[in-house]
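Dear colleague,

Please find below the structure that I am handing over to you. A description of what was found in it follows.

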Amino acid sequence: MTAELGNRSSGLSRLGLPSKIIAVGLNYRSHARELDMAIPEEPILFLKPPSAVIGPDEAIVLPAGVGRVDYEAELAVVIGKTARNVTPEAAAEYIAGYTCANDVTARDLQQRDGQWTRSKSFDTFCPLGPEVAPEAPEPEALVELLLNGEVRQSAPVSDMIFPPLELVSFISGVMTLEPEDVIITGTPPGVGPLAAGDSVTVRIGGVGELINSVEAAPNEADW
Ligand code: ZN
C-alpha cells in the first residue's frame, strides 16, 4: 500500500493517506428520488477505514461469498488544514482540493447488517485519485461513472443536497478534520454491480478521471 496515490509528473498535488474517510449517504436529490426516499434534513455520515484506500490503476478486489458489490462515483474533498467548528463561509480555507472517489459497497451485506461498516470497509473498497485539483468543480460539472466505457451514472455537482462547504462545516462540528482527511460526498443515481474483469472509471469535470480494474479474490487454495 502506497501513501502516495497520485501522478508525480503532474503539477497537481498528490494525495497522502487520510487518517479517516468520512462518507455521506443519500446526498443527490435525483438519487433520493430514484430510491423513493425523503430528502435528508441533515447529512447522513458514515466512515470508511484508511485501509480500504487504493490508488489509480490498482485493482478493486471482490471478496468471496459477499454477493453483489456496487460502484458509487463520488466527488472527494481533501482537507488541507486542521478544521474544527468551521462555518460554511470559512470552510474553503480548510480544503486542499478535490479528487475522484469510488465508494465501493457490498450491497447485500449492507442490507443484511442493517448498518454500513462491514459493507463499506473491505480492503480496496475506496479507490481515490488520481490527483488533487485545487479548484472546486463548477456547479454544472458532471460526476460520472463509466463501466467498461459506458456511462452508468451522471449528475451535476449542483444536484447535491449538502454541497462541499456545508459538509466540511457540519462534519467539523462533530470531529476534528486533519490534513489529508477525505470527505466523499455521496453518489448520483444509477449505482450497479461490479464483476471480475470490469474496468471502472469515475470521471468528474475539472477534477479528473480515476480508473480501476476489478478482480475476484483469489481462492484460499491459491495463497
Ligand atoms: Zn457512497
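Two strands are said to pair if DSSP finds at least two bridges between them. Please also bear in mind that this is a predicted model.

With that meaning of pairing in mind, we may begin with an open sheet. This sheet has five strands in the order 4-15-14-10-11, and the pairing within it is mixed. Strand 4 (59-62) and strand 11 (150-156) are found at the edges; each has a single partner strand, so one side of each has no neighbour in the sheet. From one strand to the next, the twist averages 20°. Within this order, strand 14 (residues 199-204) and strand 15 (residues 208-216) are joined by six bridges and run in the antiparallel sense. There, I204 is placed opposite G208 of strand 15.

Next, I would draw your attention to strand 7 (residues 95-102). Is this strand enclosed or open to the outside? Seven of its eight residues are buried, so strand 7 is largely enclosed by the rest of the structure. For this reasoning, a residue counts as buried when its relative accessible area is under 20%. Strand 7 pairs with strand 6 (residues 73-79) in the antiparallel sense, over seven bridges, and A73 stands opposite N102 of strand 7. Strand 7 is also joined to strand 9 (residues 126-133) by three bridges, and these two strands run antiparallel. One position to look for is A101, whose bridge partner in strand 9 is L128.

The zinc ion comes next. Which residues are its protein donors? They are E72 (OE), E74 (OE) and D103 (OD), at 1.9 to 2.1 Å from the ion. Along the chain, these donors follow the spacing E-x1-E-x28-D. The pair E74 and D103 links distant parts of the chain, being 29 residues apart: E74 belongs to strand 6, whereas D103 lies in the loop between strand 7 and strand 8 (105-106). Both E74 and D103 are buried.

Finally, please consider helix 4 (residues 164-172), where P164, L167, V168, S169, I171 and S172 are buried. What covers these buried residues? The cover includes strand 6 and strand 7, together with strand 1 (21-25), strand 2 (44-48) and strand 12 (182-184). Strand 6 and strand 7 are thus worth locating on the model: they pair with one another, and they are included in what covers the buried residues of helix 4.

Yours faithfully,
A colleague

Notes
Residues numbered from 1 in each chain as written. Predicted model: local features only at pLDDT ≥ 70, side-chain atom pairs only at ≥ 80, totals over all residues. Heavy atoms only, no water. Helix = DSSP H or I, 4+ residues; strand = E, 2+ residues; numbered from the N terminus. Axes fitted to C-alpha atoms, helices over the stretch in contact; angles between N-to-C directions. Buried < 20%, exposed > 50% of the residue type's maximum accessible area, 1.4 Å probe, protein only. Donors = N, O, S within 2.8 Å, 3.2 Å for Na, K, Ca; no water. Contact = heavy atoms within 4.5 Å.
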